[in-house]
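Please open the model in a viewer and follow the stops below in order. Each stop names a selection and describes what is found there.

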Protein chains: 2
Amino acid sequence: MERIGFIGLGIMGKPMAANLVAAGYEVTVHNRSSAAVDELVAAGATAGEGPAATAAQADVVVTMLPDSPDVEAVVLGEGGVAEGIREGSLFVDMSTISPAVSRRVHTALAERGVEAVDAPVSGGEPAARDGQLAIMAGGSEEAVARAQPIFDVLGKATTHIGPPGAGQVAKAANQLVVALNIQAVAEALLLARCAGVDPARVREALLGGFAASRVLEVHGERMLEHAFDPGFRIALHRKDLAIAQQAGRDDGAPLPATSLVASLLDALIAQGDGDRDHSAIGALYERLAGE
Amino acid sequence: MERIGFIGLGIMGKPMAANLVAAGYEVTVHNRSSAAVDELVAAGATAGEGPAATAAQADVVVTMLPDSPDVEAVVLGEGGVAEGIREGSLFVDMSTISPAVSRRVHTALAERGVEAVDAPVSGGEPAARDGQLAIMAGGSEEAVARAQPIFDVLGKATTHIGPPGAGQVAKAANQLVVALNIQAVAEALLLARCAGVDPARVREALLGGFAASRVLEVHGERMLEHAFDPGFRIALHRKDLAIAQQAGRDDGAPLPATSLVASLLDALIAQGDGDRDHSAIGALYERLAGE
């Protein structure tokens with residue numbers, strides 16, 4: 001079994017690292033704050049002394065960080081992964097970040113004889129805890145195959161999307177579709193409410209036809225019940241849409257609907273709803289209608 | 001079995017009327033042009049002499065017409081259904097029209113002792129032919145129950161949404177969700193293409209998670225294959241979005257995303273694509289990206 005260095009023990013990273021320890025991997029962990037490190041050490045992991053030292057003790061380095069600048073700093077910054085990682089090791093970034101940054105990291109590590117895989121996930125904290133994440137991987141066939149035993153512990157399904165950065169592109173695409181499908185359901189249910197028609201009946205009827213979606217099922221029900229505890233936080237979804245928007249600008253893909261829904265998330269954040277579930281787009285629509 | 005008057009033998013109405021004849025109903029048919037009438041008569045129907053006369057010979061009058069003004073003219077205009085229909089009869093409009101017009105027709109017929117049901121459908125011509133339509137009904141419990149045996153011939157499922165007009169509201173909601181979900185898929189697949197990532201892989205990965213929808217499945221595949229023969233024509237979908245937009249204005253429901261996608265359909269129509277399938281929104285995005 002390859003030795004793992006795991007950096008980033010947040011809401012997602014902590015249960016993922018714990019699953020790797022439980023699966024019998026020798027795991028060295030690092031995190032900016034130490035409480036999560038102590039928990040993992042109690043479960044059988046080793047504490048690493050910063051990113052470079054953590055990488056030096058590992059065959060595969062996994063990162064799970066909040067955003068693109070965090071990954072750049074932890075990998076390419078002073079005392080970063082790139083300084084410690086040994087030639088022939090594998091780097092796997094499971095954060096959701098910009099495809100451009102992901103490719104930059106890939107190139108920088110390749111110069112040190114290290115292959116990189118971008119492998120963002122979907123499914124959220126419950127799926128991280130249960131090892132049921134959906135993993136979208138970008139990288140060479142060989143690199144993704146080498147990471148596969150680790151993915152098998154963390155997730156239920158891995159799709160190899162394409163070359164380095166492709167996993168991040170798929171994740172960005174996923175996040176924009178989810179946001180737009182939520183907005184669609186919000187408009188449909190608002191139209192029903194304002195017309196004096198039971199939105200629950202409308203949702204039910206729509207689930208039987210071409211309007212059916214996972215979002216209509218799950219987030220549609222949240223809207224009906226005003227159940228806006230996260231779930232997936234609006235602030236995080238806004239960050240993911242910024243990644244999609246930046247990728248669209250970088251690559252010449254105009255995304256007008258993504259821009260519109262991003263503005264609605266900005267409005268929710270401005271109104272103090274950044275920590276609510278993204279289905280609260282439905283609540284914003286009710287406010288727009290003066291309810 | 002109640003005697004049926006069926007008015008409007010277009011792409012949808014002709015196979016629907018034929019299914020009623022095949023189910024053993026005595027059906028009098030009327031259509032503006034006579035070719036479809038001749039076909040139905042050959043199948044066992046009787047030709048009616050205009051809307052009023054057709055209604056006079058029936059216990060249940062069914063209309064399947066293109067748009068709100070057509071229904072208003074055929075029902076409330078000179079020589080219309082309202083002039084011929086007998087007290088105690090049932091009127092069932094299966095066209096997709098404005099909820100406001102639907103309520104107006106309901107009120108006008110109620111004054112003549114006739115109950116009205118609005119029962120727009122989804123599923124398109126194949127479902128009309130196979131008696132597999134999804135039916136969204138608005139009207140009183142009694143009226144919808146009286147229409148149910150007819151709905152059972154024409155469709156696979158009827159949802160009673162609410163009072164008169166509620167079926168049209170549900171249909172408008174359905175049509176806006178479908179349009180927005182198509183737009184979401186178009187942006188996601190464009191982002192992938194422009195980033196040099198195989199959009200087919202992205203679609204596949206997204207089908208496994210929260211981005212999953214019938215539209216991603218069906219229209220996503222059409223976009224990948226550039227298979228833009230209808231299906232459901234852009235011009236018709238634009239008409240349905242106009243109904244949703246008007247209902248939004250009437251009832252105070254702001255629908256910014258619906259407005260945006262409606263503008264994209266306007267662009268497609270301006271570019272000569274009104275008769276292509278609505279999944280051609282994907283083609284418009286490719287043009288926006290200069291492909």
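**The axis and the interface**

Begin by selecting A:S213, the residue of chain A that comes closest to the rotation axis, at 2.0 Å (C-alpha). This is a predicted model, in which local features need pLDDT of at least 70 and side-chain atom pairs count only at pLDDT 80 or more, while totals for chains, interfaces and linings use all residues. Residues are numbered from 1 along each chain as its sequence is written, chains are lettered from A in the order in which they are written, and side-chain values use heavy atoms, without hydrogens and water.

Next, display both chains. A rotation of 180 degrees with 0.0 Å of shift along its axis places chain A on chain B with an RMSD of 0.1 Å, in a least-squares fit on the C-alpha atoms of residues with pLDDT of at least 70 in both copies. The two copies are thus related as by a two-fold rotation axis. The same surface serves both, as 100% of the contact residues of chain A recur in chain B.

Now select the contact residues, those with heavy atoms within 4.5 Å of the other chain: 57 residues from chain A and 57 residues from chain B. The two chains bury about 4700 Å² between them, 72% of it on carbon and sulfur atoms; this is the accessible area (1.4 Å probe) lost on being put together, summed over both. Highlight A:E187, A:L191 and A:F210, which supply 16% of the area that chain A buries against chain B, more than any other three residues.

Finally, search for salt bridges (a side-chain nitrogen of Lys or Arg within 4 Å of a carboxyl oxygen of Asp or Glu); the count between chain A and chain B is zero.
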